[in-house]
Amino acid sequence: MKAKDKGKKKQKTYMKITLKSMITFLAFLISLLYIVIFYNYYFGRNKVYASETVSYEQAKEVKISQAQEIDLEKIIEQNAPKSQNEEYIVEEKVLEYLTKYRNNKDLPKGSIQVVQEGREGKQEITTKRIYQEGELVAQEQIACKVTKASVNKIVEIGTGQYSSNYQVKVGDKLYVTSDRLSVMLEPNEQSQKVATLTKADELKLLKIEKEWYQISSKGTIGYVKADCTTYLDKQPKEENQKKNTNTTQSKAQLMSKLNFAMPLNQPSGLTFEQFKKVLADSKDVNKIFEKNAEYFYYIEKQYKINGIFVAAVGIHESAWGTSKIAREKNNLFGYGAYDSNPYNGAYHFSDYPESIDLMARVFTKYYIHPKGTSIYGGEKAVGTYYYAPTLSGVNTKYATDKNWANAVYQHMKYLYNKL
C-alpha cells in the first residue's frame, strides 16, 4: 500500500511540473510576439536596405527624383495643340443719321440753316470674335440689320453773293428755317413741349443759352434750337464785308492757340475763306479736301469741334484722299474698318460731306466731351471713349498706334502754317 501511494505521489508531481512549464512557455512566446510587434511598429519604418555601401563622394552624385513636384496636367496642356475659338455677338447699337447738304443761293455765302433735324435709328450688329487660348485676337463685323430707320438731317448752305458773320443778339427778329420746330418749356430735349412752329414763322429773341434760344412767338414763350433759326441780314454787301474783316483772326492769333494739348472741343476760329485756303494743297492730288473744305467749316459751326483737327485726321487716315477706302467709299477716316478686314468693314458714304459730318459727330459725342455734356441738337455726350479733349485723350481709344496723336498734330501744324 505504501509503495503504491508513493508511486501515485510522484506521478502527480510530474504532471504538475509539465503543466506549469507549458503555461510559462506560452507566456514567454506571447511576450516575445509583443516585443517583435512593438519593435517593427516603432523602428521598422526607418530601416534602410542597401545592396552596397556608398561613399560620401558618391552620395553627392545621387540625383533625387522630383516626380512628386511635376504637374502632369500642366505639361499636357502646354504640349496640346493651341485652341482657337469663334464667338458670334449680336448687339443693338445706335444707327447714326447722315447729314445731307444742299445749296441755297438766297442765303449769305458760308451761312448754314437746318431745314430738317436728324434722328437716330437702331441696328443689330453681328460681330465675329476670334479667341486664341482665351484671348481676343481678331474681330470682324459680318452682318447688320436695321431695326429702326434713322432720319437724315438736311442742311442748307448759303451760296449767295455776299458773306455774313453776323452774331445774333437779344432783341433780334429771327425766322424758323426747319419745316417743323418744337418750342420747349426748358432748354433741353427732355423738357415739356409747349408749341410747334413752322417754316418762316417770326420769332423774337429773348435770351441766348448756348445752342438754345429763348423766344416769343404767337403769344408763346419757350426755347428752340438755335440752328433751326436764321437772322435775315438785309445789310448792304459793303457793310457785311467790313464785318467779315473785323471778325477774321490773324495768323498770329490763330497760331497762338495751336499746341499739342489744345482743346479739340473748341472751334479753330478759321473763316470760310481760310478753310478754303489751307486745304488747297498739291498733296491733295484728287482735290478731295480742296473741293470739300467748306464742310470742315460747317462742322465747326454745328458741333463746336476744331475743324482743322477733323481735317488732319482725314488727311492722316486717307493719305490725302488717295487710299482705296477714301476713293471708292467716300470714307476719309476709315470709319467702321476693322484691322482684320479693313476694306469690307469700312462704311460706304454717298459723298464726302456725309463722312466729314458723321466723323465730327462721332468725335463730339464719344471722344472729346465727358458723359452728360450738352452738345449739338440738344443731345448729351455719351463719353464712352472720353479721357481728355486733347489729341492724347482721343488717341487712348481711337487708335492702337501710340504715335497717332503726334502724326495728326504734324498735319494740324502744317495746315495752320498755311494761313
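**Close-up views of a predicted model**

**View 1. E202 is paired with K173.** With a relative accessibility of 44%, E202 counts as partly exposed (20% to 50% relative accessible area; buried is under 20%, exposed over 50%; 1.4 Å probe, protein chains only). The model is predicted: local features need pLDDT of at least 70 and side-chain atom pairs pLDDT 80 or more, whereas totals for chains, interfaces and linings use all residues. Residues are numbered from 1 along each chain as its sequence is written, and side-chain values use heavy atoms, without hydrogens or water. E202 forms a salt bridge with K173 (Lys or Arg side-chain nitrogen within 4 Å of an Asp or Glu carboxyl oxygen), and the closest N and O atoms are 3.9 Å apart. E202 belongs to strand β10 (residues 202-209) and K173 to strand β7 (residues 173-176), so the pair ties together parts that are 29 residues apart in sequence (helices, H or I, at least four residues, and strands, E, at least two, are DSSP runs numbered from the N terminus). K173 is likewise partly exposed, its relative accessible area being 43%.

**View 2. K169 and D172 form a salt bridge.** The closest N and O atoms of K169 and D172 are 3.3 Å apart. K169 is partly exposed, with a relative accessible area of 47%. D172, by contrast, is buried, because its relative accessible area is 7%.

**View 3. K365 and E96 meet through their side chains.** Their salt bridge has an N to O distance of 3.6 Å. The pair links distant parts of the chain, for K365 lies in helix α12 (residues 352-367) and E96 in the loop between β1 (84-95) and β2 (99-104), 269 residues apart. Both K365 and E96 are buried. These two residues also belong to a network of salt bridges that further includes E120, D357, R361 and E379. In total, the structure holds 15 salt bridges.

**View 4. Strands β1, β4 and β5 form an open sheet.** The three strands are arranged in the order β1-β4-β5, with antiparallel pairing (at least two DSSP bridges between two strands). Strands β1 and β5 (135-148) stand at the edges with a single partner strand each, so one side of each is left without a neighbour in the sheet. Strand β4 (residues 121-132) is joined to β5 by eleven bridges, and the two run antiparallel.

**View 5. A143 of strand β5 stands opposite T126.** A143 and T126 are 17 residues apart along the chain, and their C-alpha atoms are separated by 5.0 Å. Leaving aside residues up to four places away in sequence, A143 touches E124, I125 and T126 (heavy atoms within 4.5 Å). At 34% relative accessibility, A143 counts as partly exposed.

**View 6. A nonpolar patch on the surface includes F25.** The patch is formed by F25, L26, F28, L29, L32 and I35 (residues with over 30% relative accessible area and no salt bridge; nonpolar side chains, Val, Leu, Ile, Met, Phe, Trp or Tyr, joined within 5 Å, like charges within 9 Å). Together these residues have about 600 Å² of accessible area (Shrake-Rupley method, 1.4 Å probe; for residues, only the protein chains shown count as cover). F25 lies in helix α1 (residues 2-43). F25 is partly exposed, at 49% relative accessibility.
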